[in-house]
Amino acid sequence: MMPKPSHFYARLKSSTNIVFGRAHFLQSFKTKYTYRNLYGNADLFEKTTLKIIRDKYEQGTALTAVTAYDYSSAIHVDQADIDILLVGDSASMVIHGHDTTLPITLEEMLVHCRSVSRGAKKAFLVGDIPFGSYESDDEHLLKAAIRILKEGGMHAVKLEGGGNLRVSSVRKLNQAGIAVMGHIGLTPQSVSLFGGFRPQGNNARAAVRLVEQAIELQDAGCFSIVLECLPDCVSAAITSSVNIPTIGIGAGSSTNGQILVYHDLLGFLQHPHHAKVTPKFCKQYAQVGKVINDAMLHFKNDVATGVFPGALFSPYILKLHEREIFVELLKKSGYYEAASSVEAFQSS
Ligand SMILES: Nc1nc(=O)c2c([nH]1)NC[C@@H]1CN(c3ccc(C(=O)N[C@@H](CCC(=O)O)C(=O)O)cc3)CN21
Ligand SMILES: CC(C)C(=O)C(=O)O
Ligand SMILES: [Mg+2]
């Protein structure tokens, strides 16, 4: 049961120091009422906090992360107890069919976030801040991030890149109470600058810069960092330099966790267009695209040959008595063709 508002004020009033009073109030609120009061199910809430990620990291358990873009994919990811579910701006490519992640809008991302948050009950939900939402000013970024949490139902946001501007953005987001995941290495939103989806950290100076960026992002308050398309030894250097979990994609085995795009992991996209954007570091754990193609052809063939739906998949029945009246009524109204088609049906 939620405490009545009068309890809040009584407790606050009775404290001599308002700062102490607030801390005391929060502590006693937490222990006395537990999160069950706020979220309905304390077990589920516990599982969705950052704590589980932190605990796994500290225990040395590898973290798993997968992207999802809608309700049904979110359920699949969630049911497998994947730790982190990322609503990636890769949706721009795998869902919307663009060649890069640049065109997807904040509004489109929010649709994906809302859909995913309805399906996922356990995973920690992270939403990518799309290109164009943080390049101009922090005000803009803050508004986008707040919408991703408030309207999209995410638990945290992810933003790409390092350097002074990003570090200051991460600080501002943290000040606003928003958990941030960093993302360095191949940051697809910089495809224009990179001139393609080019692997990063392939010379010593660039590799050192990445280590520095990771440390800066950690110090700014990121709870985790995605490392994309880096040599294994560069990921290892980064991972050992920070005390927050690194999550790799095409970044070798030395990170604290791995992330893959849903469709890549499932071998969803067998279409030639996707062959060109399914990176070579993706392991396909199934050939779902082939399963879909085969099912489509099977359905088409069944309809063409009359196998589907057949009696088995035609569940709605007019009882014999009603059918006879139906025929009579049709005849009375002069619908002779309709009547004989019902009769033919009866005799078949
Ligand atoms: N389906 C999908 N999977 C992803 O992992 C993914 C996306 N889409 N979209 C957003 C980014 C883009 N990513 C990519 C895309 C292509 C390569 C790739 O093929 N790189 C080549 C070099 C290409 C070049 O030099 O132009 C490579 O050799 O790694 C890598 C990462 C990773 N992300
Ligand atoms: C590949 C992951 C890390 C991502 O940012 C995305 O899917 O958008
Ligand atoms: Mg992304």
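The chain folds into 18 helices and 8 strands, and keep in mind as you look around that this is a predicted model. Of its 348 residues, 33% count as buried. If you take the contacts with a separation of 6 or more, 56% of them come from residues 24 or more positions apart.

Start with the strands. The 8 of them close into a barrel, and you can walk around it in the order E1-E2-E3-E4-E5-E6-E7-E8, with parallel pairing. Going from one strand to the next, the twist averages 25°. On the outside of that bookkeeping there are helices to place too: helix H13 (residues 232-241) packs on the sheet, where it touches strand E6 (224-228) and strand E7 (246-249). The direction of H13 makes about 165° with that of E7.

Now zoom in on one pair of strands. E1 and E2 run parallel and are joined by 3 bridges. A handy landmark here is Val66, which stands opposite Leu85 in E2. Hang on to Leu85, as that residue turns up again below.

Next, helix H6, which spans residues 71-79. Which of its residues are buried? They are Ser73, Ala74 and Val77. Look down the axis of H6 and these buried residues fall within an arc of 100°, so they line one face of the helix. The spacing fits what you'd expect in general: an α-helix has 3.6 residues a turn, so residues three or four places apart point the same way. As for what lies over that face, the cover of the buried residues includes strands E1 (63-67) and E2 (84-87), along with helices H8 (106-119) and H14 (262-266). After H6 comes Asp81, with a positive phi near 55°.

Finally, pick a single residue on H6: Ala74. Why does Ala74 count as buried? Its C-beta has 27 other C-beta atoms within 10 Å, and the cut-off for being buried is 20 or more. Set aside the neighbours within four places in sequence, and Ala74 is in contact with Ala68, Leu85, Val116, Gly119 and Ala120. There is Leu85 again, the residue that Val66 stands opposite. Ala120 is worth a click as well: Ala74 and Ala120 sit 46 residues apart along the chain, yet their C-alpha atoms are separated by 5.3 Å.

Definitions and conventions: Residues are numbered from 1 along each chain as its sequence is written. Chains are lettered from A and ligands numbered from 1 in the order in which they are written. This is a predicted model: local features need pLDDT of at least 70, side-chain atom pairs count only at pLDDT 80 or more; totals for chains, interfaces and linings use all residues. A residue is buried if 20 or more other C-beta atoms lie within 10 Å of its own, exposed if 12 or fewer, and partly exposed in between; C-beta atoms are placed from the backbone. Helices (H or I, at least four residues) and strands (E, at least two) are DSSP runs, numbered from the N terminus. The arc is that of the directions from the helix axis to the C-beta atoms. Two residues are in contact if their C-beta atoms, placed from the backbone, lie within 7 Å. Two strands pair if DSSP finds at least two bridges between them. Axes are lines fitted to C-alpha atoms, for helices over the stretch in contact, and angles run from 0 to 180 degrees between N-to-C directions.
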